[in-house]
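Q: I'm new to reading protein models and I'd like a close look at a single part of this one. Could you walk me through it slowly?

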Amino acid sequence: MTGRAGNHLSGLDRVLRTVAEPAARDADDLGRFPRPTINALGRAGLLGLTLPTRCGGGGHGLAEAVQVVAQVARVCGSTAAVLQAHYAAAAVLAKYAPPEVLREIAAGRHLSTLALAEGGRPFAPAGQPREHGGVVDLHARKNWVTSAGEADSYVWSSRAVGTSGASTLWLVPAAAPGMCVPANSDGVGLRGSAAATITADPVQVPASAVLGADGGGVEIVLTTLLPWLCALNAALALGLMESVVQRSVECVNGPQPSWARWQDPPPRQPEVRADLARMQTKLDVVRLLLSDAVRAAWQQPTEAQRRLLQLRATAGESAVQVAELGMKVCGQFAFRKDFGIERRFRDAHTATYGQLPADTALDYLGRTLCDLPLLA
């Protein structure tokens, strides 16, 4: 491929060097949404990376989206969190959204996100919609919505309008009446991702805003959203792990403080070397699991679900463990903001939650092992 579709990595590298890296500290220190970086990614064609070429997108797939999110996460976890929610939403929109929305995303002028979790349950909406005169009222409290108040649209889940117990997905514009977003969401990690709880009291959308068929939400989640969400969450964790391991190795092999002259240098301490080896091993395991799961994503559904859920849980837990080891290995350097370890430590802990928490992925994996329905 040529043009924007073929040069996405060079465009990404340019955005990371010139925009994302200088803004990463501000995103964390001030809890500031990384709007300049998102705009730059849009201009580079990366918001539309996975959309079909017929609507101006890059025509790439899950593997390329994973690669982009992991590279962004090495520099700024908050931006990576925004991007992984956008790509997961775009996977649904590419199949069901109006062409004009897809063209806006491809042009870099439209950011989307997911609004699926309610009360800690990722894919089991409780709100019952009500249709009247071609308008649908959506009642809900959506948790862990990334880019809340910043995205241009939300892929939103509800119970079905006409089918008891089933779920339906909607394309909800940010300007839809009844959308209540907190003015300030001051998180501990991924502080610039604008993750918050959104209240619909109710949100009103036209009946034509349905994505797919009424009652068809479960099928879309299982066949489209779940693979993208698991793999992209793992890519976020992978990028955080890579940056922690890199900084830890630099710290161990770099200049030491004057008081450390009374002890062996870190590379000569067996416990330090062992901790670095543990970190690298966990990183390599997640990288292999991610590569395997992306290849398996479109194979036999039950096997693919198992691998993807394993990946989501393992990547989230491993990122936390690697970050904790990084704090230990780097010692006093780990607590300096300019060194970046403590930011990744907080980001890794926060990344285990979200629209599909690592604990929930383990529960779903257990369901598959017990021959129970994944979404009940």
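In what order do the 4 strands of the mixed open sheet come?

A: Keep in mind that this is a predicted model. The order in that open sheet is 1-4-5-8, and its 4 strands have mixed pairing. Let's go across it strand by strand.

Start at the edge. Strand 1 (112–115) is one of the edge strands, and strand 8 (210–211) is the other, so to speak: each of them pairs on one side only. Helix 5 (residues 77–96) packs on this sheet and touches strand 1, strand 4 (153–159), strand 5 and strand 8. The direction of helix 5 makes about 95° with that of strand 1.

Now look along strand 1 itself. S112 and L114 point one way, while T113 and A115 point the other way. Here's the general idea behind that: in a regular strand, side chains alternate between the two faces of the sheet. In strand 1, S112, L114, T113 and A115 are all buried.

Next door is strand 4. Strand 1 and strand 4 run parallel, and 4 bridges join them. If you want a spot to zoom in on, find T113, which stands opposite Y154 in strand 4.

Further along comes strand 5 (residues 167–173), and that's where T168 sits. T168 has a relative accessibility of 0%, so it counts as buried. Its side chain reaches the backbone nitrogen of G215 at 2.7 Å. Leaving aside neighbours within four places in sequence, T168 is in contact with a list of residues that includes W156, S157, S158, V210, D214 and G215.

The other end of the sheet is strand 8. Strand 5 and strand 8 run antiparallel, with 2 bridges joining them. One pairing to look for is W170, whose bridge partner in strand 8 is V210. V210 is also among the residues that T168 contacts.

For comparison, there's another open sheet of 4 strands, in the order 2-3-7-6, and its pairing is antiparallel. Its edges are strand 2 (130–132) and strand 6 (179–180), each with a single partner strand, so one side of each has no neighbour in the sheet. Inside that order, strand 3 and strand 7 (residues 196–206) pair in the antiparallel sense over 8 bridges. To find this pairing on screen, look for V135, which stands opposite P206 in strand 7.

While you're at strand 3, have a look at the aromatic rings too. The structure holds 3 aromatic pairs. One of them is W144 with Y353, a stacked pair at 5.7 Å centre to centre with 5° between the planes. W144 lies in strand 3 (residues 135–145) and Y353 in the loop between helix 10 (341–351) and helix 11 (358–369), so this pair ties together parts that are 209 residues apart in sequence. W144 is partly exposed, with a relative accessible area of 35%, and Y353 is partly exposed as well, at 47%.

The rings of F333 and F339 make a tilted pair, because their planes are at 45°, with the centres 5.8 Å apart. Both rings belong to buried residues: F333 has 14% relative accessibility and F339 has 11%. F339 also has R247 lying over its face, at 4.1 Å from the ring centre.

Technical notes
Residues numbered from 1 in each chain as written. Predicted model: local features only at pLDDT ≥ 70, side-chain atom pairs only at ≥ 80, totals over all residues. Heavy atoms only, no water. Buried < 20%, exposed > 50% of the residue type's maximum accessible area, 1.4 Å probe, protein only. Polar contact = N/O pair within 3.5 Å; in protein donor to acceptor, adjacent residues only side chain to side chain. Contact = heavy atoms within 4.5 Å. Phe/Tyr/Trp six-rings, centres within 6.5 Å; stacked < 30°, edge-to-face > 60°. Lys NZ or Arg CZ within 6 Å of the ring centre and 35° of its normal. Pairing = 2+ DSSP bridges. Axes fitted to C-alpha atoms, helices over the stretch in contact; angles between N-to-C directions.
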